[in-house]
Amino acid sequence: FVALLDDQIVGFAELDATGYVDYFYVAPERQRQGVGKALMTTLVSEASTLGVPAMTADVSLTAKDFFLAQGFEVVESRMNLILGHPAPNFFMIRRL
């Protein structure tokens, strides 16, 4: 799914057939303007159409609070290494 504003891509999200949120991105200059919430609403609707019992996602530290506000909960906290640097990550779930 792609979010457009004035013919500009301001965000995108992908949900696979199992309910996994594979990609979720909002342009930094459009954050906190409802773009992410609109994308999440679309994903929840699509998940319902697919008949999956829950949505899951691997969420970065910077996106964690947004996903919590959208009804997700942390199942597991992880510490990944990216180019030798710690990168906290959270496996999250939203039951439908």
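## Contacts along the chain

In this predicted model, 51% of the protein chain's contacts with a separation of 6 or more join residues 24 or more positions apart.

## Layout and overall form

Reading along the sequence, you will meet the pattern β-β-β-α-β-α-β-β. That comes to 2 helices and 6 strands in the protein chain. The radius of gyration is 14 Å, close to the 12 Å that the globule rule gives for 96 residues, so the chain is as compact as a globular protein of that length.

Taken along the principal axes, a box of roughly 40 × 35 × 20 Å holds the C-alpha atoms of the protein chain.

## Inside and outside

How much of the protein chain is buried? Of its 96 residues, 32% are buried. On the outside, the protein chain exposes about 6200 Å², and carbon and sulfur atoms supply 54% of that area.

## The largest pocket

Rolling a probe the size of a water molecule over the atoms shows where empty space is left. Here, the largest pocket holds about 740 Å³ of space. Its lining is made of 26 residues, and those nearest the centre are Phe24, Thr62, Ala63, Phe66 and Phe67. Strand S3 (20-26), helix H1 (35-50), strand S4 (54-60) and helix H2 (61-69) are the elements that give two or more residues to this lining.

Which element gives the most to the lining of the largest pocket? That is S3, with 7 residues. Sorted by class, the lining has 12 nonpolar residues, alongside 8 polar and 6 charged ones.

Terms used. Residues are numbered from 1 along each chain as its sequence is written. This is a predicted model: local features need pLDDT of at least 70, side-chain atom pairs count only at pLDDT 80 or more; totals for chains, interfaces and linings use all residues. Side-chain values use heavy atoms; hydrogens and water are left out. On a 1 Å grid over the protein atoms alone, a cavity is a set of points where a 1.4 Å probe fits but cannot get out, and a pocket is an open set with protein on both sides within 12 Å along at least five of seven lines; lining residues have an atom within 4 Å of a point. Grid points are joined across faces, edges and corners, and a volume is the space filled by probe spheres set on the points. Helices (H or I, at least four residues) and strands (E, at least two) are DSSP runs, numbered from the N terminus. Ala, Val, Leu, Ile, Met, Phe, Trp, Tyr, Cys and Pro count as nonpolar, Asp, Glu, Lys and Arg as charged, and the others, Gly among them, as polar. The radius of gyration is taken over C-alpha atoms; the globule rule is 2.2 Å times the number of residues to the power 0.38. Buried means under 20% relative accessible area, exposed over 50%, partly exposed in between (1.4 Å probe, protein chains only). Contact means heavy atoms within 4.5 Å. Accessible areas come from the Shrake-Rupley method with a 1.4 Å probe; for residues, only the protein chains shown count as cover.
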